[in-house]
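The following report looks at one helix, at the enclosed and open spaces of the fold, and at a few single residues.

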Amino acid sequence: MRALPSASFEITVDDALVSSFRRDGFASIERITTDEEVAWLREVFDELFAERRAGIPGGYFDLSRPYDAPGPDHLPQVLFPELAVPELRRTQLHRNARTISAALLGTDAGDLQSWGHLIHKPAHHGEQIPWHQDEAYWEPHLSYVAVGTWVPLDDVDLANGCMCFLPGSHLGEVRPHRHIDDDPSVHGLVTDGVDPTPMVPVPLRAGGATFHHPRTLHHTPANTTDRQRRAVAAEFQTQPTPRDTVDDRPWVDAGKAAWAERSTLDHR
Ligand code: NI
């Protein structure tokens, strides 16, 4: 693997970004890092997917099909790439995403933990990610203060799977979710009955970034183009704290049981 480019990319967070994030539950910027670093990130991304290598055992899987299903993946994901490639924590992208997340949350950057994932939408058959809230994936007995950061490594629009958000949806509760195809061995979740009318698509050039609240309803369309769509995502959050009341999220337990049954956990 090539050395991480050394050029720095300084960023300033303006008040408009913070106020739109708090009002709408999402925000975006045109650039979060340099073209050179985007090129380096593409190389890392391609290598990890080619080797199906993730930061934890079993951390490579198709989000939209049962774990370890045969055939080409439609929506492959790599969990915790920073554990496989520690340089990912030394990028301009990582530093700037932390700085912006702290400003959006009104916390100190030093108080934020982070974990990442990479999502690939291959040309022509990259599957959609249906409407969901990220917090629906997480522990129902914990309370989260978090920002989801998302950086495309290829130019994105509606045709190849840009982010689409529902403004103001972060102000609601975590909705009921279910596993795609009602199959807990499919990692991806969906919530039904979403009115997509107010949807805001966020087309971006490679190296731009979106930021969203863990309760913001969002989805990405299928990739119908001959262009691949690679994206680097990371969650920045304070230490989660116990909730006073525990939400009923049976899909979380069902998903954990399906994950634990995977036959490949020992050797990936
Ligand atoms: Ni999401």
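Helices and strands are here DSSP runs, of at least four residues for a helix and at least two for a strand, numbered from the N terminus. The model is predicted, and on this numbering His124 lies in the loop between S4 and S5.

**Helix H2**

Helix H2 spans residues 35–51, and its 17 residues reach 25 Å from the first C-alpha to the last, close to the 24 Å expected at 1.5 Å a residue. Buried within H2 are Glu37, Val38, Trp40, Leu41, Val44, Phe45, Leu48 and Phe49. Because these residues cover an arc of only 165° around the axis, they fall on the same side of H2. The face of H2 turned away from that buried side carries Asp35 and Ala50, which are exposed. The partners against which the buried residues of H2 pack are strand S2 (60–62), strand S3 (76–79), helix H3 (81–84), helix H4 (92–105), strand S4 (113–121) and strand S14 (229–237). Just after H2, Arg52 takes a positive phi of about 50°.

**Pocket and cavity**

A search of the whole structure finds one cavity of 30 Å³ or more, with about 190 Å³ of space in it. Its lining consists of 20 residues, of which Leu88, His94, Val232, Ala233 and Ala234 lie nearest the centre, and the elements that give two or more residues to this lining are H3, H4, S4, S7 and S14. The largest pocket, in turn, holds about 970 Å³ of space, and of the 42 residues that line this pocket, Leu79, Trp115, Tyr137, Trp138 and His187 lie nearest its centre. At least two residues of the pocket lining come from each of S3, S4, strand S5 (129–132), strand S7 (146–152), strand S13 (218–220), S14 and helix H5 (250–260), and the largest share, five residues, comes from H5. The make-up of the two linings by residue class is set out below.

| Space | Nonpolar | Polar | Charged |
|---|---|---|---|
| Largest pocket | 24 residues | 14 residues | four residues |
| Largest cavity | 13 residues | five residues | two residues |

**Two buried residues**

Ser101 has its place in helix H4, and because its relative accessible area is 0%, Ser101 counts as buried. Leaving aside neighbours within four places in sequence, Ser101 is in contact with Leu112, Val147, Thr149 and Phe236. Thr238 sits in the loop between S14 and strand S15 (241–242). With a relative accessible area of 17%, Thr238 is buried, since buried means under 20%. Its contacts, again leaving aside neighbours within four places in sequence, are with Thr107, Asp111, Leu112, Gln113 and Val145. Thr238 and Gln92 are 146 residues apart along the chain, and their C-alpha atoms are separated by 21 Å.

**Positive phi in exposed loops**

Most residues other than glycine have a negative phi. His124, however, has a phi near 75°, a positive value in a residue other than glycine, and His124 is exposed, with a relative accessible area of 56%. Asp182, placed in the loop between strand S9 (178–179) and strand S10 (189–190), likewise has a positive phi, near 55°. The relative accessible area of Asp182 is 56%, so this residue is exposed.

Notes
Residues are numbered from 1 along each chain as its sequence is written. This is a predicted model: local features need pLDDT of at least 70, side-chain atom pairs count only at pLDDT 80 or more; totals for chains, interfaces and linings use all residues. Side-chain values use heavy atoms; hydrogens and water are left out. The expected span of a helix is 1.5 Å times one less than its number of residues. Buried means under 20% relative accessible area, exposed over 50%, partly exposed in between (1.4 Å probe, protein chains only). The arc is that of the directions from the helix axis to the C-beta atoms. Contact means heavy atoms within 4.5 Å. On a 1 Å grid over the protein atoms alone, a cavity is a set of points where a 1.4 Å probe fits but cannot get out, and a pocket is an open set with protein on both sides within 12 Å along at least five of seven lines; lining residues have an atom within 4 Å of a point. Grid points are joined across faces, edges and corners, and a volume is the space filled by probe spheres set on the points. Ala, Val, Leu, Ile, Met, Phe, Trp, Tyr, Cys and Pro count as nonpolar, Asp, Glu, Lys and Arg as charged, and the others, Gly among them, as polar.
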